[in-house]
Amino acid sequence: MAILEVKNIRKSFGNIEVLKGIDFSLEEGQVLSIIGSSGSGKTTLLRCLNFLETPDAGEIIVKGETLFNSADPTTKSESQIRQKRLHFGLVFQSFNLFPQYTALENVLLAPKLTGKNNLEGRAKELFEQIGLADRMNNYPHQLSGGQQQRVAIARALILQPDILCFDEPTSALDPELTGEVLKVIRKLSESNMTMIIVTHEMEFARDVASHVIFMDGGEICEQGEPKELFANPKKERTRQFLAHY
């Protein structure tokens with residue numbers, strides 16, 4: 001059974017329809033890369049999945065549980081939003097670390113807010129995993145951009161989400177720092193972490209993802225196995241996009 005089912009997700013801002021009926025499913029342990037030009041709806045889709053935006057229509061189902069159904073008012077309750085978000089972890093483009101807290105305190109903030117105060121051991125394991133065990137007591141300004149993004153990944157993992165989402169995780173980094181973040185994501189994929197990655201790193205998407213979706217104009221233009229889609233795109237729009245890379 002799919003860990004995630006997305007059915008006919010639609011979202012408009014004013015008169016602009018940003019998502020025009022998005023459908024896909026994700027198996028446990030799969031890595032889905034979402035590619036496409038700026039403005040194609042990729043980030044809005046992630047924000048809808050993480051309940052930072054409320055879809056206008058559609059369904060979101062995780063592990064057989066309907067988290068959102070536009071036809072069912074009971075799934076739109078504000079009181080349920082925080083609980084629904086726990087199914088997903090989200091790593092933003094910018095690191096969004098709190099400057100007044102150490103790296104460790106940043107990672108432990110979400111558990112404290114949700115009443116889970118016994119996760120310091122888990123946090124320290126994550127710092128080992130991301131290669132920053134010796135920097136956990138540093139403040140964000142004492143860390144490079146790549147190190148800050150790795151801390152943001154640990155923060156997203158601390159509550160053990162079912163699905164980890166990345167929104168252009170390397171876009172704010174210098175090219176030489178990009179590799180260290182991609183290395184952590186690659187390790188997560190090897191550990192069978194279910195992930196959705198919005199990225200402009202085409203080589204990374206091709207090599208790490210188990211499935212790729214190409215979005216254009218708020219719709220899924222084409223999707224498939226990475227090597228097949230990158231080598232033999234069927235749609236002209238996909239070919240045009242990939243020609244730039």
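1. Let's start with helix α9 (residues 236–243), which lies across β3, β9 (211–216) and β10. Its direction is at about 100 degrees to β9 (axes are lines fitted to C-alpha atoms, for helices over the stretch in contact, with angles from 0 to 180 degrees between N-to-C directions). Contact here means heavy atoms within 4.5 Å. Helices (H or I, at least four residues) and strands (E, at least two) are DSSP runs, numbered from the N terminus.

2. A word on the model before going on. It is predicted, with local features needing pLDDT of at least 70 and side-chain atom pairs counting only at pLDDT 80 or more, while totals for chains, interfaces and linings use all residues. Residues are numbered from 1 along each chain as its sequence is written, and side-chain values use heavy atoms, leaving out hydrogens and water.

3. The sheet under α9 deserves a look of its own. Six strands form an open sheet in the order β6-β7-β8-β3-β9-β10, and the pairing is mixed (strands pair if DSSP finds at least two bridges between them). The edges are β6 (88–91) and β10 (219–224); each has a single partner strand, so one side of each has no neighbour in the sheet. On average, neighbouring strands of this sheet are turned by 20 degrees against each other, direction ignored.

4. At the β6 edge, the partner is easy to trace. Strand β7 (residues 163–167) pairs with β6 in the parallel sense, over four bridges. If you want a place to click, Gly-89 stands opposite Leu-164 in β7.

5. Helix α6 (residues 175–190) also meets this sheet: α6 lies across β3 (31–35), β7 and β8 (195–198). Relative to β8, α6 runs at about 150 degrees.

6. Now to what α6 packs with among the helices. The axes of α5 and α6 come within 8 Å and cross at roughly 25 degrees, so the two helices are roughly parallel (under 35 degrees counts as roughly parallel, over 145 as roughly antiparallel, 65 to 115 as roughly perpendicular, the rest as oblique). Their crossing is right-handed (the near helix is turned clockwise from the far one by less than a right angle; anticlockwise would be left-handed). On the α5 side the contact includes Arg-150, Ile-153 and Leu-157, and on the α6 side it includes Val-181, Val-184 and Leu-188. By class, the contact of α5 with α6 has seven nonpolar, four polar and two charged residues (Ala, Val, Leu, Ile, Met, Phe, Trp, Tyr, Cys and Pro are nonpolar, Asp, Glu, Lys and Arg charged, and the others, Gly among them, polar).

7. Helix α5 (residues 145–157) has α3 as another neighbour, their axes coming within 8 Å and crossing at roughly 30 degrees. That makes α3 and α5 roughly parallel to each other, and α3 passes α5 in a right-handed crossing. From α3 come Ala-103, Asn-106 and Val-107, facing Val-151, Ala-154 and Arg-155 of α5. These residues divide into four nonpolar, one polar and one charged.

8. Two of those α3 residues, Ala-103 and Val-107, turn up again with α4: together with Leu-104 and Leu-108 they meet Glu-120, Ala-123 and Phe-127. This contact has six nonpolar residues, no polar ones and one charged residue. The axes of α3 (residues 103–113) and α4 (residues 120–129) come within 10 Å and cross at roughly 125 degrees, which is why they are oblique to each other. Here too the crossing is right-handed.

9. There is also an open sheet of four strands, ordered β2-β1-β4-β5 with antiparallel pairing. Its edges are β2 (16–26) and β5 (65–69), each with a single partner strand, so one side of each is left without a neighbour in the sheet. From one strand to the next, the twist averages 20 degrees. Within it, five bridges join β1 (residues 4–13) to β4 (residues 57–62), and Lys-7 has Glu-59 in β4 as its bridge partner. Helix α1 (residues 42–49) lies across β1, β2 and β4, at about 65 degrees to β2.

10. Finally, the charges. Side chains of opposite charge can pair when their charged atoms come close. How many salt bridges does the structure hold? There are ten (a side-chain nitrogen of Lys or Arg within 4 Å of a carboxyl oxygen of Asp or Glu). One of them joins Asp-56 and Lys-11, with the closest N and O atoms 4.0 Å apart. This pair links distant parts of the chain, 45 residues apart: Asp-56 sits in the loop between α1 and β4, and Lys-11 in strand β1.
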